[in-house]
Structure formats: structure tokens, C-alpha cells
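Welcome, and thanks for taking a look at this one with us. Please open the structure below and keep it beside you as you read.

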Amino acid sequence: MLDPTASTDVFRVRGGEPLRGTVRLSGAKNSALKLMAASLLCDGELSLSCVPRIADVPVMADVLRGLGVSVDLDLHAGTCRLRPGKISWHAPADAVSRIRASLSCLGPLVGRVRRARLALPGGDRIGARGIDLHLRGLQAMGATVTELDGEVEVFAGELHGAYLTLDFPSVGATENLLMAAVVAEGESIIDNVAREPEIQDLCRMLVAMGAKIGGIGSPTLEIEGVERLGSTSWETCPDRIEAGTYAMAAAATGGDVVIERVRPSDLTLPLIKLRAAGVAVEEGADSLRVKAGDLEAVDVVTLPYPGFPTDLQPQLMVLLTQALGTSRCTENVFESRFSFVTELRRMGADIEIDGHHALIRGPVRLAGATLTALDVRAGAAAALAGLVASGETVVRDVHHVDRGYADFVQRLASLGADIERAPLESLDG
Ligand code: UD1
């Protein structure tokens, strides 16, 4: 079941039930996968906890096994022990092409064995998602890059520190360059880096392994290369996108939900926007209570952290179909993230797109329909739309949701949602 490409299951959702109760969340997908990749740099054992029960994790484990890391993964316990053996520089194409996060092996491989060959990665279909920033950064550190048929090869006879300014604070490029720089010779200063909480998590774990990194959480990372990194145990940070998804589900359904194992400070802007939309949010030390109110239109612009996350934009869009007035949503990170709007319109949503701006007019009573999960976040948003719609909604291609949400159906059902997972064949006609 936890194979990201195997399942043809659907979600059947019958809307109208306000979500109520408490949900306890997992470690962050976008942290766990990178923490796992960092094991390539470890001389010893990396022991991770709070690893989420999502489909991308075992695929990442396969990618790492193919590279020579021994991986002991227990998805029920949420633990993963990784111990590199003899590391190969050529990553197995079949597993790599299944998740984009396998690209995060590039930096650590170049760091550790000074060479890497990787299939150009797969993952969500949300835009062009180039890797030019990753490659240019590695070139500045002394590597040569050759693009082969569907693969990229990076060779660094000598890997030295570099002074770099990224064109854009790319999450993936920041992580790869960071993981190469921590074991390069000399100092690197990387400016205009991404500052997402998951990157901070990775930086702090690398420091626990012996890396020398200054400026964590700031736009500039200062890194002094060290020869080797050692063993550590690390707890994956909470998943702010998962938390934001449940918060929006609670607000959109007129519910009242407590979300546990969340860092409210990672969600500053989403919480500002929820409150501006009329939602009552109480912040605890590691919890949130989200209580629906009379929803009003808000304007939102997606930007790299601490801006509003693009990964919460489709879910917010669903919420805004229920808000009074016209909301304006601007997408700045992934050009095709509005593909989801076509799905939402089929339920009756009144959304107008002009380039990377969307105008959402509400409130509209959505009507159940058959939707396709286009990517992990759009799939979660499609289920949310089903929770507020009248009648039955069917969400197809839910293997995308499996990639990023642990126990999604069970958690929503425990909050009172009328949702089930069913085989595709169970659909009439
Ligand atoms: C990561 C997250 C994803 C999130 C995104 C932005 C993981 C596994 N995925 O993706 O959930 O939506 O950050 O917060 O952590 N770009 C280039 N050239 C590059 C690198 C990026 O043009 O070399 C562009 C991409 O096409 C995209 C934008 O920059 O339009 C953002 O990409 P990036 O920040 O790198 O996101 P990912 O690391 O792919």
C-alpha cells in the first residue's frame, strides 16, 4: 500500500460534517527525506525518529540502499536507522525517478565520494522544477557537470568552498549545496538561501553530526568544511504543511479541531491569514486549536518561507470558496499549481485565473464530483473540497496523497469526516 505509484485507490467523501476532535501529527515529509539523504555523509549511524508513515519514505530508503546505505526502517514506530557502507556514486534510476526528493542525494554524494550520477528526478507535476541552481552551485565549488540521456553526472576531483548567491531561495538547491559544503575544503558563504523550518532542521542535525554551520534560519549560511561527520540521533521536526491542511479542513467545514505536535511559529503567516479570514486560532506550546467562524475573503501571496507556503495554497483555495467576498491568490513559486482550479471549478467553484493570480468569489455551495489528485497537495485539497461539498466526491489517483500524508483517511475519519478509501473498481460504471 505504501508504494507511491502502485495504488489506484480512490477516496469517497460525503461532505457536510464539521470536523471535531483532536489529531496528532507526524514528522515533516520535507524534512525526513532530506535527513535520510544526509546519512550519506555519516561515518557511523544516523538514527531518526518521528519519521512519517508516508509512501515517499520507503522509496527514499530504496534509493539510499541502492547507493550502499544499510537502512532499517520501521514505519509503525516512525524510526529509521541508516548506516552507510561502501557508497556508490551511481544512483539506481528506477527508484530515483519516482521521487523528486531523491535529488537531495546529489549534494551529499558529491560531498562524500566527489562524484554522483543521478536520473533526473520525478515527483509532483507542478511546473518545470529545474535544477540549474543546484548544478551551478556545485560547479562554483569545483565540480564539472555533464548531462547525459535523462541523467546528470557531477564530478569534483577537488571540492572547495565557494561564495554563492542563489538566484532564488530554492529549497532543494539550498539543501544540496549545504550538504556538499559541509564536507568541502574551506569556507562557503551561501547567500539568498531558503530558510524553511525543514532546512533549519537539516542544518541543526548536520551540526549535531559535527558540521560547522553559522547563520541557520537566516538568508546567509556560513559553512566551514570538515573532514567527516559522525553518528547522531535526531527527531524529525513537525509537519507544518500537514498541520496547515488540517487547520484549513477544520475551518472550511465549520469545525473545531485541536492539532497536536505542531510548532505554531512555523505557521506564522498561514495563521495570520486564517485569523484574517475569520477563523479563531489558539496557539499552545506544541498545539493549535482551530475553530471556524464566519469566513471572509482574504488576499494571499505564496513566497519562500517565511512567506505563505505554496504547499498550502490549494487547501486555502478550497477554504476561500466558502468565504464571503472576493479573495485574490497569487502563486509565485510553481507556475502550474493552479491546475487544481480546473478540478475545483467542476464542483461549482467561482475562480478566475489571470496568469499567476486567481480571484476566488464566495461563498459557493460546492457540489460533489469526481476529481483527480494532480499532486500531493492538490490531492489533499480535493478531499477537503469533498468535505465541504454536498453529495459524494470521489478523488482519484490518491497515491499522490499517500506520498505526503500519513494515515490521511483515518485521521480525517477520527475527526468525524465521512471519508473512506476504496479500490477504483468499486466505482459504478
Ligand atoms: C520543495 C518542497 C516542496 C515545496 C517547495 C517550495 C521537498 C521534497 N519539496 O521543493 O514541497 O513546494 O520546496 O517550498 O522539500 N527552481 C529552478 N531551478 C533550480 C531549483 C528550483 O528553477 O535549480 C525553481 C523550481 O522550478 C520552482 C521553484 O524554483 O519553480 C521552487 O523550487 P524549490 O524551492 O527548489 O522547491 P523543491 O526543493 O523542488
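What follows is a short tour by topic, from the cores to single residues.

Please keep in mind that this is a predicted model. It has a nonpolar core of 75 residues, the largest one, and a second, separate core of 72 residues. A ligand is surrounded by 18 residues, and two peptide bonds worth a look are cis: the one from Tyr-305 to Pro-306 and the one joining Gly-362 and Pro-363.

**Nonpolar cores**

- Within the largest core, Leu-48, Val-182 and Leu-206 have the most contacts.
- Helix α2, which spans residues 56-67, supplies the largest share of this core with seven residues.
- If you select Leu-206 and skip its neighbours within four places in sequence, you will find contacts with Ala-38, Leu-41, Leu-178, Met-179, Val-182, Ala-211, Ile-213 and Leu-229.
- Val-182 therefore appears twice here: it is among the residues with the most contacts inside the core, and it is one of the contacts of Leu-206, given that contact means heavy atoms within 4.5 Å.
- The second core, separate from the largest one, includes Leu-271, Val-318, Ile-351 and Phe-408.

**A four-stranded sheet and its helices**

- Four strands make up an open sheet with mixed pairing, and their order is β4-β5-β3-β13.
- At the edges sit β4 (69-74) and β13 (232-235), each of which pairs on one side only.
- On average, and ignoring direction, neighbouring strands of this sheet are turned by 15° against each other.
- Strands β3 (residues 46-49) and β5 (residues 79-84) run antiparallel and are joined by three bridges.
- Leu-48 has Cys-80 of β5 as its bridge partner; Leu-48 is also one of the residues with the most contacts inside the largest core.
- Helix α1 (residues 29-37) lies across β3, β5 and β13, and runs at about 170° to β3.
- Helix α2 packs on the sheet as well, where it touches β4 and β5, and its direction makes about 160° with that of β4.

**Around the ligand**

- Which of the 18 residues around the ligand come nearest? They are Lys-34, Asp-132, Ser-170, Asp-311 and Val-333.
- Asp-311 places a polar side-chain atom 2.6 Å from an oxygen atom of the ligand.
- Val-333 uses its backbone instead: an N or O atom there lies 2.6 Å from an oxygen atom of the ligand.
- Val-171 also takes part through a polar backbone atom, with 2.8 Å to an oxygen atom of the ligand.

**Backbone details to check**

- The cis bond from Tyr-305 to Pro-306 has omega near 10°, and Pro-306 is placed in the loop between β17 (299-301) and α10 (313-320).
- For the cis bond joining Gly-362 and Pro-363, omega is about 0°; Pro-363 belongs to the loop between β20 (357-362) and β21 (370-372).
- Cys-50 is not a glycine, yet has a positive phi of about 55°; you will find Cys-50 in the loop between β3 and α2.
- Arg-114, likewise not a glycine, has a positive phi of about 65° and sits in the loop between α4 (106-113) and β6 (115-119).

**Buried or partly exposed**

- Is Thr-330 buried or exposed? Thr-330 is buried because its relative accessible area is 8%, and buried means under 20%.
- Thr-330 lies in strand β18 (residues 325-330), and its side chain is joined to that of His-357 by a polar contact of 2.9 Å.
- Beyond residues up to four places away in sequence, Thr-330 touches Val-300, Val-301, Thr-302, His-356 and His-357.
- Lys-291, in strand β16 (residues 287-291), has a relative accessible area of 39%, so it counts as partly exposed.
- Not counting residues up to four places away in sequence, Lys-291 touches Gly-255, Asp-256, Val-279 and Ala-280.
- From Lys-291 to Ala-323 the separation is 32 residues in sequence and 15 Å in space, C-alpha to C-alpha.
- Cys-50 is partly exposed too, because its relative accessibility is 26%.

Technical notes:
Residues numbered from 1 in each chain as written. Predicted model: local features only at pLDDT ≥ 70, side-chain atom pairs only at ≥ 80, totals over all residues. Heavy atoms only, no water. Core = buried A, V, L, I, M, F, W, Y, C linked by side-chain atoms within 4.5 Å. Buried < 20%, exposed > 50% of the residue type's maximum accessible area, 1.4 Å probe, protein only. Helix = DSSP H or I, 4+ residues; strand = E, 2+ residues; numbered from the N terminus. Pairing = 2+ DSSP bridges. Axes fitted to C-alpha atoms, helices over the stretch in contact; angles between N-to-C directions. Near = heavy atom within 4 Å. Polar contact = N/O pair within 3.5 Å; in protein donor to acceptor, adjacent residues only side chain to side chain.
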